[in-house]
Amino acid sequence: MKKWALGIMVLTILVGTGMRVQAEERPIDIALFSPIELFPAEYDIKGLRFVFLYGVKNNFTGLDLGLVNVTNGDWKGLGLGLVGVVQGNAKGIKFNTINYVNGDFTGWQAGFVNFVNGDFKGWQD
């Protein structure tokens, strides 16, 4: 009986841990301003992010629309907005008035001010 209970407890921990990891990634996020957004800044978004004023996410992949979009990790996709800030690496197309990438950038960066702190591979307008 004790082995059976121990097995159930271990299985519960493993399944709970797996669910928690999956719960940190969402397909969509809508934000008025951080922290007033559907999901906390620690979440990853793979899909669509729409930001009315100011939004922050951990990692992002997909279509990124909004006024000021901040990604604390890596960013991949198509971005359209006023200001796009990526603290990690970025790959894709970024059309923002101000583009800032703290890491490496691969793709097309179009804007009034374009800044890449790391290696740049692609095209800037």
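**Questions on a predicted model**

Colleague: What makes Ala90 a contact partner of other residues?

Modeller: Contact means heavy atoms within 4.5 Å. Leaving aside residues up to four places away in sequence, Ala90 touches Trp75, Val101, Asp104, Phe105 and Thr106. The model is predicted, so local features need pLDDT of at least 70, side-chain atom pairs count only at pLDDT 80 or more, and totals for chains, interfaces and linings use all residues. Residues are numbered from 1 along each chain as its sequence is written, and side-chain values use heavy atoms, with hydrogens and water left out.

Colleague: Why is a set of eight residues called the largest nonpolar core?

Modeller: A nonpolar core is a set of buried Ala, Val, Leu, Ile, Met, Phe, Trp, Tyr and Cys residues joined through side-chain atoms within 4.5 Å; buried means under 20% relative accessible area (1.4 Å probe, protein chains only). Ile45, Phe60, Trp75, Val86, Ala90, Val101, Phe105 and Val116 form the largest such set. At least two of its residues come from each of β5 (75-86) and β6 (90-101).

Colleague: How do you know which elements the chain contains?

Modeller: Helices (H or I, at least four residues) and strands (E, at least two) are DSSP runs, numbered from the N terminus. By that rule the chain has one helix and nine strands.

Colleague: How do you know where confidence is low?

Modeller: pLDDT is the predictor's confidence in each residue, from 0 to 100. The chain averages 88, and 82% of the residues score at least 70. Over residues 9-21, however, the pLDDT is below 50, and this stretch has zero contacts beyond near neighbours in sequence. Where pLDDT is low, the predicted coordinates should not be read in detail.

Conventions. Buried < 20%, exposed > 50% of the residue type's maximum accessible area, 1.4 Å probe, protein only.
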